[in-house]
Structures are given as structure tokens and as C-alpha cells.
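Work through the exercises below with the sequence and the 3D view open. Try each task before reading the solution that follows it.

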Amino acid sequence: MIPTEKQGKVVKEITDAFLEHHGLGGNKVMTPNATAQLHIQPKRETFSGGEPVSGAWVEIKVPSFGLASRDVQKGFFAEATEIIHRHSDGKLPKKNIWTNAIHTVDGTWNMDGVAMTNEELGTEIAKG
């Protein structure tokens, strides 16, 4: 699907896209706090409609203000889908790339060991 040597590049591009769609590209506070995990599962462990499938899942965990705008949602997830599709050399169809977001409760986003509210995060992000 996506060769091992490309996986870091895929995560970097998706992270950059997330930051850009939120107007935070290059932000020195938020950039190191935009974290990611990449899990490549074999076809025998992934299913669609109860049948084995080669696929990719993008799950974003964000503070409660993240991905709040419909335009940001549509733009970011379209770009993330394109990044994965491109890095699979077109072998992974876009219809087999699924996305979702998990929002934290306001006040639970941990940054530098401190659980922060949206207001506190905004103050920190404004410094970057």
C-alpha cells in the first residue's frame, strides 16, 4: 500500500496540511504539539462491509476547537485523502480511505504537561 520508506513523509504532509487548514502553518507552539501515529494493518485485519479490504484510515485527535469549520473539515480531509492516494502510487482507491475526528473535552488538551482550555491554548498558540 504505502512503502515503509514513504510513511514518515505521508505523516509529515498530513500534519502540515492540518496546520495549514487551521492557519497555523509554521506556528512554533502548535507545530510540535500536532502529533500523529501511523498504523499499517494487513488486509486480513481490516474490513469494509464485513469483507477484507486494503484501506487507510485517518483519525485526527484535536482540541474541541479543531476542525470546527465545515470548510476546514472538507479541505483538510480531501487533502489528507489525496496525500495517501498519491503515496500509494494510486493503488489505494480514494473510496478505501476513510476519515474521522475525535474532539477532546475543553480543558483536557495536554500541552507541555498542562491540561489547557481552548482559551489557554489560544493564548499559547498566539505566541507562535
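**Exercise 1. Compare the span of helix α1 with the span expected at 1.5 Å a residue.**

Solution. Bear in mind throughout that this is a predicted model. Begin with the extent of the element: helix α1 covers residues 4-21, which makes 18 residues. Next take the expected span, for which the rise of 1.5 Å is multiplied by one less than the number of residues, and this gives 26 Å for α1. Finally look at the end C-alpha atoms of α1, which are 26 Å apart, so the span agrees with the expected one. Just after α1 the chain reaches G23, which takes a positive phi of about 70°.

**Exercise 2. Find which residues of α1 are buried, and name elements that cover them.**

Solution. The cut-off needed here is a relative accessible area under 20% for a buried residue. Going along α1, the buried residues are Q7, V10, E13, I14, T15, A17, F18 and L19. Then turn to what lies over them: the cover includes β3, at residues 56-62, and α2, at residues 70-87.

**Exercise 3. Repeat both steps for α2: how far does the helix reach, and what do its buried residues pack against?**

Solution. Helix α2 has 18 residues, and from its first C-alpha to its last it reaches 26 Å, close to the 26 Å expected at 1.5 Å a residue. Its buried residues are V72, F76, F77, A80, T81, I83, I84, H85 and H87. They pack against α1 and β3, and also against β4, which spans residues 97-103.

**Exercise 4. Describe the geometry of the ring pair formed by F18 and F76, and say which parts of the chain the pair links.**

Solution. Start with the count, which is 3 aromatic pairs in the structure. In the pair of F18 and F76, the ring centres are 5.6 Å apart and the planes stand at 85° to each other, an edge-to-face arrangement. The pair joins distant parts of the chain, since F18 belongs to helix α1 and F76 to helix α2, with their positions 58 residues apart in sequence. Both F18 and F76 are buried. As a last step, widen the view to F77, which ring pairs link with F18 and F76 into a cluster.

**Exercise 5. Characterise the largest pocket and the largest cavity by volume, and then by the residues that line them.**

Solution. For the largest pocket, the volume is about 860 Å³. Its lining is made up of 30 residues, and those nearest the centre are A36, Q37, L38, E59 and I60. Asking where the lining comes from, one finds that α1, β3 and α2 each supply at least two residues, and that the largest share, 7 residues, is from β3. Sorted by class, the lining of the pocket has 20 nonpolar, 8 polar and 2 charged residues.

For the cavity, the count at 30 Å³ or more comes to 1, and the largest cavity has a volume of about 60 Å³. Its lining consists of F18, H22, L24, M30, P63, F65, G66 and I125, and the classes there are 6 nonpolar, 2 polar and no charged residues.

**Exercise 6. Locate D89, D112 and K43, and decide whether each is buried, partly exposed or exposed.**

Solution. The loop between α2 and β4 holds D89, whose phi is near 60°, a positive value in a residue other than glycine. With a relative accessible area of 54%, D89 lies over the 50% cut-off and is therefore exposed.

D112 is placed in the loop between β5, residues 109-111, and β6, residues 114-116. Its phi is positive too, at about 60°, although D112 is not a glycine. The relative accessible area of D112 is 70%, so this residue is exposed.

K43 sits in the loop between α1 and β1, the latter at residues 47-48. Its relative accessible area is 46%, so K43 counts as partly exposed. Setting aside neighbours within four places in sequence, K43 is in contact with P52, V53 and S54. A further step along the chain, G55 is 12 residues from K43 in sequence, and their C-alpha atoms are 7.9 Å apart.

Note on methods
Residues numbered from 1 in each chain as written. Predicted model: local features only at pLDDT ≥ 70, side-chain atom pairs only at ≥ 80, totals over all residues. Heavy atoms only, no water. Helix = DSSP H or I, 4+ residues; strand = E, 2+ residues; numbered from the N terminus. Buried < 20%, exposed > 50% of the residue type's maximum accessible area, 1.4 Å probe, protein only. Contact = heavy atoms within 4.5 Å. Phe/Tyr/Trp six-rings, centres within 6.5 Å; stacked < 30°, edge-to-face > 60°. 1 Å grid on protein atoms, 1.4 Å probe; cavity = no way out; pocket = protein on both sides within 12 Å on 5 of 7 lines; lining within 4 Å. Points joined across faces, edges and corners; volume = space filled by probe spheres on them. Nonpolar A, V, L, I, M, F, W, Y, C, P; charged D, E, K, R; others polar.
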